[in-house]
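Please open the model in a viewer and prepare to make a series of selections. Each stop names what to select and then states what is found there.

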Amino acid sequence: MFEFLLVVASLPTSVCTSEAETLRAAATQIEIAYVLEDVASSVAKDLRSYADETPSADDCAPKEDFARILTKTLRTISKDKHFYVEETTDDIGDDWIPAWRASGYEQGQGITHVEVIEGNIGYVRIKSFHELEPAFPHYRAAFDMVADTRALILDLRDNHGGSPETAWPVQWTFLAPGSPSPMKMESRIEAPTLREEPPVLWQRYGTERPMAILTNGDTFSAPEAVAYTLQAAGRAKIVGEPSGGGAHMLNDGDELGTGFTLYIPTSRPVSAVTGGNWEGTGVSPDIHTSSAEAINVAADYLRSQIAPDISRH
């Protein structure tokens, strides 16, 4: 295992005492909480073996470098891209979450483009799902603008994720009120629960008009939930490239007591329709095309779905 981890994850050939303690502490937390029990046991065993078998180093690597290497290691051996390790710091300015939140005010809370294109087709591009409270006026304005269109393109290309509490009502924008919940949540530490229908704070687009969702390899996590759910419900066609394959959901972070914080995927969504999710596989498009051509292909598809006399207006 020592040689395997060196090859696949580029771990250092020696670790200082603090780094070895970090590996053991990470192993313990993963064994307790990671969403898939068999993977949790395997990853924990690998980390402990590496900590025990690797020669000791007198000097520790820079914490930022070790966090980056350990993140890569965990993602490699678990095949779960949601694992994340960062240096624990009291300086909030060094935390990526406040920086991400602040960026929303400069980027339309993730809504970067809204228009009505030829054929009376609405187009909404969401590059990130920022938190619901500051974001909802932007969603309200976007969905007001496309409310009277005959079809809709929801562009989720290059959307790396964000808040599930925003992505969830976006899904319900296109589902009928009172419909059965399309998703349940599972974890090893709580009983499975159906996700309840959320309040939708903007105008619903409804269930009847044709809809296409654009994805590519950089569509990851929360936007995949939107695409997968609406595809499984038969509500939308997916156009473009397979998405990134990150269904598992992170915890709030566990401080390991060694100067590092570990974010562990502790839960997973399960579709009420398919009985599965998109972890590791991504959402597979109904219409495969390059990311660059996805808008044009989707627009042509939607024009073919609306009446000819309407599409000329």
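The tour begins with the whole chain and then turns to individual residues and their aromatic rings.

**The whole chain**

Display the full model, which is a predicted one. In cartoon view, the protein shows ten helices and 13 strands. Of its 313 residues, 49% count as buried. Among the contacts with a separation of 6 or more, 78% are between residues 24 or more positions apart. With a surface representation switched on, the accessible area comes to about 14500 Å², and carbon and sulfur atoms contribute 49% of it.

**Thr173**

Select Thr173, in the loop between α7 (164-172) and β5 (183-187). Is this residue buried or exposed? Thr173 has a relative accessibility of 0%, and therefore counts as buried. Next, display its neighbours: leaving aside residues up to four places away in sequence, Thr173 touches Phe143, Val200, Trp202, Gln203, Arg204, Tyr205 and Gly206.

**The aromatic cluster**

Two of those neighbours, Phe143 and Trp202, lead to the next selection. Tyr139, Phe143, Phe174, Trp202 and Tyr205 form one aromatic cluster. The structure as a whole holds nine aromatic pairs. One of them is the stacked pair of Tyr139 and Trp202, with 5.0 Å from centre to centre and 25 degrees between the planes. Tyr139 belongs to helix α6 (residues 132-145), whereas Trp202 is in the loop between β6 (193-194) and β7 (211-215); the pair thus links distant parts of the chain, 63 residues apart. Tyr139 and Trp202 are both buried.

**A tilted pair**

Now select Tyr228 and Trp278. Their ring centres are 5.2 Å apart and their planes stand at 45 degrees, so this pair is tilted. Because Tyr228 lies in helix α8 (residues 222-232) and Trp278 in the loop between β12 (265-271) and β13 (287-288), the pair ties together parts that are 50 residues apart in sequence. Tyr228, at 11% relative accessibility, counts as buried, and Trp278 is buried with a relative accessible area of 1%.

**Charges over rings**

Return to Tyr205, a member of the aromatic cluster, and add Arg209 to the selection. The charged end of Arg209 sits over the ring of Tyr205, 3.7 Å from its centre. For the last stop, select Lys63 and Phe260. Which part of Phe260 does Lys63 lie over? Lys63 lies over the face of the Phe260 ring, at 5.8 Å from the ring centre.

Definitions and conventions: Residues are numbered from 1 along each chain as its sequence is written. This is a predicted model: local features need pLDDT of at least 70, side-chain atom pairs count only at pLDDT 80 or more; totals for chains, interfaces and linings use all residues. Side-chain values use heavy atoms; hydrogens and water are left out. Helices (H or I, at least four residues) and strands (E, at least two) are DSSP runs, numbered from the N terminus. Buried means under 20% relative accessible area, exposed over 50%, partly exposed in between (1.4 Å probe, protein chains only). Contact means heavy atoms within 4.5 Å. Accessible areas come from the Shrake-Rupley method with a 1.4 Å probe; for residues, only the protein chains shown count as cover. Rings of Phe, Tyr and Trp (its six-membered ring) pair if their centres lie within 6.5 Å; planes under 30 degrees apart count as stacked, over 60 as edge-to-face and the rest as tilted. A charge sits over a ring if NZ of Lys or CZ of Arg is within 6 Å of the ring centre and within 35 degrees of the ring normal.
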